[in-house]
Amino acid sequence: MKYIFLDFNGTIINDVQLCLDLLNEILRSQGKRELNIEEYKNVFTFPVKKYYEAAGVDFSIESFESLAQKFILKYQPASMHCGLYEGLIETVKLLKEKGYHFVILSASEKNNLLEQCTHYGLIPYFDAILGIDNIHAASKVDIALGYLKKEGIEGKDILFVGDTLHDLEVAKRLGAECFLVSCGHQSVEVLSQGNTRIIGSVAELSQILE
């Protein structure tokens with residue numbers, strides 16, 4: 001492997017509690033039961049609309065489009081206070097010194113993603129930062145495939161590290177190997193359905209790829 005692609009939310013940035021808080025704010029406003037962290041990590045999925053439905057959000061009260069707009073207006077500034085997972089930057093620096101190339105591949109809107117990466121000082125460590133063109137967190141497969149074609153990268157040369165089964169699906173579409181981290185938005189029980197390697201966080205890569 002020459003390239004390590006990292007998902008952003010729940011893999012690089014520790015925003016799980018923030019996303020749960022914002023979900024529960026929606027549920028409270030609709031008179032619905034709030035979720036605890038374990039319940040959240042068991043229902044979280046892509047597309048986001050499906051996860052909202054599983055959590056109990058009623059789109060007859062307010063549309064998904066309206067909720068998505070309100071979510072990002074609150075999420076984006078608050079995300080600047082979430083922090084990165086422990087050892088993230090140190091691990092990336094170490095593996096870059098060993099010759100690995102790093103790319104961020106996220107379902108976040110690309111301008112919001114760049115703002116976050118700039119705030120956290122991540123820009124110098126990554127060859128590319130790939131996000132999508134809207135706030136509705138659709139699949140990132142097409143963006144990744146376009147980047148691979150442009151750069152002449154083969155899937156077999158990539159390790160993709162994410163925190164959801166959707167990331168595993170993306171890795172399979174790219175022909176890449178996949179590790180999933182248990183520190184993110186889906187529980188180990190959910191991740192284990194993917195039959196791929198589960199690690200605690202990106203920081204463990206420094207030992208695995210020695």
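Student: What makes R28 and E34 a salt bridge?

Tutor: A salt bridge is a side-chain nitrogen of Lys or Arg within 4 Å of a carboxyl oxygen of Asp or Glu. The side chains of R28 and E34 meet at 3.3 Å, N to O, so the pair fits that cut-off. Before we go on, this is a predicted model, where local features need pLDDT of at least 70 and side-chain atom pairs count only at pLDDT 80 or more, while totals for chains, interfaces and linings use all residues. Residues are numbered from 1 along each chain as its sequence is written, and side-chain values use heavy atoms, with hydrogens and water left out.

Student: Why is R28 called partly exposed?

Tutor: Buried means under 20% relative accessible area, exposed over 50%, and partly exposed in between (1.4 Å probe, protein chains only). R28 has 47%, so it lands in the in-between class. E34, at 34%, is partly exposed as well.

Student: How do you know that E62 and K70 form a salt bridge?

Tutor: Their closest N and O atoms are 2.8 Å apart, so the pair passes the distance test.

Student: Is E62 buried or exposed?

Tutor: E62 is buried, because its relative accessible area is 18%. Its partner K70, at 45%, counts as partly exposed.

Student: And what makes K156 exposed?

Tutor: Its relative accessibility is 57%, so K156 clears the bar for exposed. D157 is buried at 15%. K156 and D157 form a salt bridge, with the closest N and O atoms 3.6 Å apart. Elsewhere, salt bridges that share partners join D7, K140 and D167 into one network.

Student: How many salt bridges does the structure hold?

Tutor: Nine.
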